[in-house]
Amino acid sequence: MKTTDTPPPAAPAADPAPVVKAPASAAKEKSSEGQVLNVFSHGVLIIWAILVVLPLLWAVMASFKTDDSILSTPWALPDKLHFENWSRAWSQAHMSDYFFNTVVVVGCSLVGTLLLGSMAAYVLARFDFPGNRFIYYLFIGGMSFPIILALVPLFFVMNNMDLLNTRHGLIMVYIAYSLPFTVFFLTSFFRTLPSSVAEAAMLDGASHTRTFFQVMLPMAKPGLISVGIFNFLGQWNQYMLPTVLNTEPKYRVLSQGLVELATSQGYKGDWSGLFAGLVMAMLPVLAAYIIFQRQVVAGLTAGAVK
């Protein structure tokens with residue numbers, strides 16, 4: 001007699017895992033917190049923009065007004081554009097000479113800073129040799145050294161070398177003053193550049209010098225523009241170093257010229273000419289940043305992702 005085993009009953013299907021739904025109140029709380037934070041951050045940015053932009057606009061507006069209207073109605077628009085304020089500041093206050101001296105000193109020092117800083121940063125970032133880290137930390141230490149502590153010995157060194165009251169002496173001081181930050185910034189930037197490109201150039205027979213100037217330096221253009229803008233701002237607005245090392249009137253720079261214009265007027269109160277000179281000194285800085293703002297942001301963020 002043949003018996004057949006009856007199959008065991010099928011196990012009941014497991015219930016699907018319950019889907020846990022976040023309460024609607026929690027989602028609303030997160031949304032409201034995000035909106036509050038967004039409104040707060042935008043409010044802070046708007047207040048900060050007003051605090052920065054409003055004085056600049058007021059200075060530009062005051063440069064086209066008369067002295068009486070500046071004192072009587074400081075927030076009113078000028079009745080007409082008084083361009084004679086600008087011509088008076090440019091010629092009678094010698095702002096043209098100060099502007100020329102500043103362009104020469106800052107232009108030459110900026111080129112020298114970028115050239116020497118990029119060469120030193122490339123060597124420190126790409127080559128291993130005894131004392132590499134020591135030299136790098138010497139540059140870092142130069143950033144933390146207050147320049148005011150070096151004014152007295154720097155004055156005597158410049159005096160012994162007959163570099164006081166000269167444009168080339170001030171250029172050398174500006175270069176030395178800006179090198180630590182430039183080397184620090186560009187060393188980190190050169191480390192993010194791919195080594196395969198430099199190795200390919202070396203295999204093709206390029207020397208180290210040619211590899212640096214024709215291959216690596218063009219690749220570091222965003223970093224050079226970023227650090228160049230920072231150095232340009234610092235050197236253009238520098239006042240302490242030229243005041244100590246450059247007392248000759250014909251070699252004064254814009255920062256010295258503005259102080260001279262503010263103090264020499266005495267009780268005359270040529271406020272319109274003073275504001276015109278201030279705007280003259282301010283416009284190149286604004287123009288440089290507006291033109292290169294994209295490159296500055298690209299240079300600052302280039303090292304974030306390899």
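Start by switching on the surface: the chain exposes about 19300 Å², and carbon and sulfur atoms supply 69% of that area. (Accessible areas come from the Shrake-Rupley method with a 1.4 Å probe, and for residues only the protein chains shown count as cover.) This is a predicted model, where local features need pLDDT of at least 70 and side-chain atom pairs count only at pLDDT 80 or more, while totals for chains, interfaces and linings use all residues. Residues are numbered from 1 along each chain as its sequence is written, and side-chain values use heavy atoms, with hydrogens and water left out.

**Stop 1: the cartoon**

Now swap the surface for a cartoon. You'll see 13 helices and zero strands. (Helices are DSSP runs of H or I with at least four residues, strands are runs of E with at least two, and both are numbered from the N terminus.) Of the 306 residues in the chain, 34% are buried. (Buried means under 20% relative accessible area, exposed means over 50%, and partly exposed is in between, using a 1.4 Å probe and protein chains only.) Take the contacts between residues at least 6 apart in sequence: 74% of them join residues at least 24 apart. (Contact means heavy atoms within 4.5 Å.)

**Stop 2: a greasy patch on the outside**

Select Ile47, Trp48, Leu51, Val52, Val53, Leu56, Leu57, Leu283, Leu286 and Ile290, which make a nonpolar surface patch of about 950 Å². (Patches are made of residues with over 30% relative accessible area and no salt bridge; like charges are joined within 9 Å, and nonpolar side chains, meaning Val, Leu, Ile, Met, Phe, Trp and Tyr, within 5 Å.) Which helices each supply at least two residues of the patch? They are α1 (24-62) and α13 (271-301). Helix α1 gives the most, with seven residues. Zoom in on Leu51, which sits in α1; Leu51 counts as exposed because its relative accessibility is 56%.

**Stop 3: the largest core**

Time to look inside. The largest nonpolar core has 23 residues, and those touching the most other members are Trp86, Ala89, Met95, Phe232, Trp236, Leu254 and Met280. (A nonpolar core is a set of buried Ala, Val, Leu, Ile, Met, Phe, Trp, Tyr and Cys residues joined through side-chain atoms within 4.5 Å.) Colour α3 (84-91), α4 (95-126), α10 (221-236), α12 (254-264) and α13, the elements that give two or more residues to this core. Helix α13 gives the most, with eight residues. Apart from this core lies another one, of 17 residues, among them Tyr136, Leu151, Val173 and Tyr174.

Back in the largest core, click on Met95. Leaving out residues up to four places away in sequence, Met95 touches Ala89, Trp90, Leu254, Leu258, Gly277 and Met280.

Next, pick one of those neighbours, Leu258, in helix α12. Leu258 counts as buried because its relative accessible area is 17%. Not counting residues within four places in sequence, Leu258 is in contact with Met95, Leu274, Gly277, Leu278 and Ala281. Try drawing a distance line from Leu258 to Leu278: these residues are 20 apart along the chain, and their C-alpha atoms are separated by 6.9 Å.

**Stop 4: two threonines in α7**

Select Thr182, in helix α7 (residues 167-192). Is Thr182 buried or exposed? Thr182 is buried, with a relative accessible area of 0%. Its side chain makes a polar contact with the side chain of Asn231, at 2.9 Å. (A polar contact is a pair of N or O atoms within 3.5 Å; within protein, one must be able to donate a hydrogen and the other to accept it, and residues adjacent in sequence count only if both atoms are side-chain atoms.) Beyond the residues up to four places away in sequence, Thr182 touches Thr113, Gly117, Val227 and Asn231.

Then move to Thr187, also placed in α7. Thr187 is buried too, at 0% relative accessibility. Set aside residues up to four places away in sequence, and Thr187 touches Ala121, Leu124, Ala125 and Tyr136.

**Stop 5: two loops and a salt bridge**

Find His94 in the loop between α3 and α4. Its phi is near 60 degrees, a positive value in a residue other than glycine. Asn165, in the loop between α6 (151-160) and α7, has a positive phi of about 55 degrees, although Asn165 is not a glycine either.

Finish with Arg252 and Glu260. They form a salt bridge, with the closest N and O atoms 3.4 Å apart. (A salt bridge is a side-chain nitrogen of Lys or Arg within 4 Å of a carboxyl oxygen of Asp or Glu.) A search of the whole structure finds one salt bridge.
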